[in-house]
Amino acid sequence: MGYYKTDRDFHEARWDEPIIMELGNPGERGVMVPKADKRVVESTGSVEELLPKGLKRKKPPKLPEMSQMQVLRHYMRLSQETIGTDINIDIGLGTCTMKYSPKIHEQFIRSDKLKELHPYQDESTVQGILEIIYQLEQYLKAISGMSKVSLQPSGGTQAIFANVETIRAYHEARGEGEKRNEIITTILSHPGNPGAAATLGYKVITLYPDENGIPDIEALKAAVSEHTAALMITNPEDTGIYNEKIRQFVDIVHEAGGLCVYDQANLNGLFGITRARDAGFDMCHYNLHKSFSSPHGCQGPGAGAQCVSEELAKYVAAPTVEFDGEKYYLDDNRPDSIGKLRKYYGVPAVLVRAYAYIRSLGPDGIKQIAELSILNNNYMLKKLLEIDGLSMPMAEGKYRLEQARLSWKELTDETGVTTDDICRRIVDYGFQDYFASHHPRIIPEPFTPEPVETYSKDDIDEFVAAFKAIAEEARNDPELVKTAPHKAALGSQIQEEYLTEWENFATTWRAFR
Amino acid sequence: MKETDKKIGFLINPVAGLGGRAGMKGSDDAARCRKALLAGYEKSASCRAEECLKELKGLSMDGWRIYAPEGCMGADVLFKVGIPCEPLENSRIGSLDEETSREDTLYFARRLCGMGMDLILFCGGDGTARDICEAAGSNVPVLGVPAGVKMYSACFATTPCKAGEILKRFIQGKETSFSHREVMDLDENSLDELAVSPTLYGFLTVPDDKVRLQRAKEAGTSEEEEAEVLAAEIRAEMKEDTLYILGPGSTTYRVKQMLHGTGTVRGVDLAKNGRILRADADERTILSFLDREQKAEIIVTCIGGNGFLFGRGNQQISPLVLKKVGKSHIRLAVTREKLSGLGTRPMLVDTGDLETDRYLAGYYKIRLNAKEEIIYRVQAGADALLS
């Protein structure tokens, strides 16, 4: 028992590798393209002549000229300078659900059958993937309690966007499109909700939590009116506090004529235990790369699922995948649909992983995800909160579900070491930096861990031990923490303004120059 | 020294914070301070200053100079940390056996201002901030090293180290924007009673604390930009033939600046049809205007940190004024950033009349702009104390 290490003496590779645009030499090549056969040139003319004049560049693009070995070495070095979920105990990245993604899934999606799939193939030749998508939809209907699912969204926020589009379609169909122009959300719901609502022209009304950590029901009553189009809410929010009044929230909004949309991007706390439809919600969405397991967060593409009630089924994104008893097909004939969200249909790799995940776990396994996530979280919180200087504001004494928003404020007041300092210092211990909070920080010096179901007790103990050590450092040698990271790939701190001020962004090499 | 060198003034109130450990509510009372000293409590302000100045370790002295009074009000600590300073002439006051007073703070702050400092770093508490405010006004950039007992004022860095970081960035030319921050203080003598009522004493010009900027993933608009947008929205919303009672504070000051006429930062100004009719109006003036007007609205902001909406620094907007204008005609001009500072606490009202306070309590819609609103709770100060 307990073989976790606290003395790893970790040090990340540090190559100070130049940007690839700075590498190489004129004339250096990775691949020598053979010259065309003389007879070919004679019959077709040279390449230059074949190209229409208007398409030709005046100057060749300034691409790095490099041999294969140097290119490979460059990227190998960069790969050593990252910390991904597979190499560290990634508990710190709360709200992101950084669980283990079974490696067998990678074999499925790297099979020729999936690799060579092409969106322009005839339906009759892609029955397999359509069946998977159709079946996945049936599973998600059972998990959410909803009646129709679209797996077209490329990610969570696109699914939210589709839900807002559906809100609009619903009210427009009832002749209330103009009048119902307000969407209510909460400050601790994911910013994607107010973001999508604002993008589609809605006025956003935000509710704040009371001392119990949940949005105030009186505030909701003050917010609803004949202008209310919908409530878009997360439960539990980033705080992991379960909103017991959720049914009341839904009823108040329904009474005012609005729809209720449940942001279930991260389902881990409720997976297999409660269902959005059972709480009265009209819509919900899942980030399939989170609770349904896919490598994500700069490590792979995501996918979203838009789930809606019977009444709203006709509005979901088109085309939908349908089954006529014999064959599967894409249904474009949906006149009430909000339309296409993206090119083609969904992100098959993530959908296949989600399908495999559900199939391998079954209903009991799925329920266990939630149970273990909650158990892990409360074990971790018990341990973490033994650290002097770390606290869990709001809803004192109440258990959290799958994650929690903690605060280093006491440690900061005492030592001057902030959450941002600790976030950099944790990298020196061989952990990825953690997630502090969504914006704005209503909890001071925030820290949001989430020990999903796949971490062991030993993993959690090692994670906690590192923070305990840093809290001690903050008291004995605050400078050490404030000047971190010391052992990471990046030897120095990045000036904040390069990350936060768009005037300082360089998104292309030319812009950087 | 070169003409372009930055001049930093440095001033410690050596007795600041002394009262804290001694269980006093502040250190304004000189007699009580002496008692505390005799009882063996140590002066902690210079240690806090030292913590702050250590942040400058390793910084080249090129391009800046630091000026301080001799002895315990500045030069001693600089000497200890190893920062060469330019002592003010004839400034040895407050040696070990001699106590310093607020007159000394005022005297040296004025001298430093007169010498054209680019920034004055002061170490003390709310009382010191008040003295600096009195001596320097809001024209000279200052920065507070927190060393006092209470520190309700918003001109302090969160910790001495943070103050050092900001100073370093200022010297390096990285701290280029400034904002007006509230100077607040409590009457220490009345503190023994239950009622805690900080008063707004003025504004100091403080570097914008970039160190506290959010990390990239959660980056939003800065408070500055947000306030700018908010003020423009409020200006655009203003209706014809309506008397506007504009409360004090930096957010409402932006609105005042957009109107014709001169508005005040600290005072309550009255405006109508795009013009400021009366700057710094008192209660009687407001009431006499209200007698003549059909429609009136109040635009107020809350005080950052403690969240007071009415009854702190805007007592001119009295219970009578509030009743005449009516609850539904109060427009809250609050930025999201300011609300974040309240955490989950409600905004408070303490007009001196409990009935009015309870009348004002409830949920308010705070319009941030045409497309965004927040619903926020306002509570009577008295009820908040009880809960």
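Let's start in chain B, with strand E4 (residues 119-124): this strand and E5(B) pair in the parallel sense, over five bridges. If you want to find the register on your screen, look for B:Phe122, whose bridge partner in E5(B) is B:Gly144. Please keep in mind throughout that this is a predicted model.

Now step back to the whole sheet. Five strands of chain B make up an open sheet, in the order E3-E2-E1-E4-E5, and the pairing is parallel. Which strands stand at the edges? They are strand E3 (86-87) and strand E5 (142-146) of chain B; each has a single partner strand, so one side of each has no neighbour in the sheet. As a quick reminder for anyone who hasn't looked at sheets for a while, strands pair through backbone hydrogen bonds, either parallel or antiparallel.

Next, a helix. Helix H6 of chain B covers residues 126-136, and nine of its 11 residues are buried, so the helix is largely enclosed by the rest of the structure. The buried residues of H6(B) include B:Asp126 and B:Asp131, along with B:Ile132 and B:Cys133. What covers them? Among the elements doing so are E4 and E5 of chain B, our opening pair, and also strand E1 (6-12), helix H5 (102-114), strand E6 (178-185) and strand E7 (199-207) of chain B. Just after H6(B) comes B:Gly137, with a positive phi, near 65°.

Further along chain B there is another mostly covered element, strand E11 (residues 295-300), where five of the six residues are buried. On one hand, E11(B) pairs with strand E8 (residues 242-246) of chain B, in the parallel sense over five bridges; here B:Leu243 has B:Ala296 as its bridge partner. On the other hand, E11(B) pairs with strand E13 (residues 330-332) of chain B, again parallel, over three bridges. In that pairing, B:Val300 is matched with B:Leu332.

Now for the part where the two chains meet. The contact draws 43 residues from chain A and 33 residues from chain B. How is the size of an interface often given? As the accessible area lost when the parts come together. Here, the area buried between chain A and chain B is about 3200 Å², with carbon and sulfur atoms giving 51% of it.

As for specific interactions, there are four salt bridges between chain A and chain B. One to look up is between the side chains of A:Asp216 and B:Arg377, at 3.9 Å, N to O. Nine residue pairs are in polar contact between the chains, both residues at pLDDT 80 or more. On the chain A side, the elements giving two or more residues are strand E3 (203-207), helix H9 (217-223), H13, helix H15 (478-482) and helix H16 (496-500). E3(A) makes the largest share, with five residues. By class, this side of chain A has 18 nonpolar, 10 polar and 15 charged residues.

E3(A) deserves another look. This strand pairs across the chains with strand E16 (residues 372-380) of chain B, in the parallel sense over four bridges. Within that pairing, A:Ile205 stands opposite B:Glu373.

One last stop, in chain A. A:Glu445 sits in the loop between helix H13 (419-425) and strand E11 (446-447) of chain A. Is A:Glu445 buried or exposed? Buried, because its relative accessible area is 11%, under the 20% cut-off. Its side chain reaches the backbone nitrogen of A:Thr419 at 2.9 Å.

Key. Residues numbered from 1 in each chain as written. Chains lettered and ligands numbered in written order. Predicted model: local features only at pLDDT ≥ 70, side-chain atom pairs only at ≥ 80, totals over all residues. Heavy atoms only, no water. Buried < 20%, exposed > 50% of the residue type's maximum accessible area, 1.4 Å probe, protein only. Polar contact = N/O pair within 3.5 Å; in protein donor to acceptor, adjacent residues only side chain to side chain. Contact = heavy atoms within 4.5 Å. Buried area = accessible area lost by both parts, 1.4 Å probe. Nonpolar A, V, L, I, M, F, W, Y, C, P; charged D, E, K, R; others polar. Pairing = 2+ DSSP bridges.
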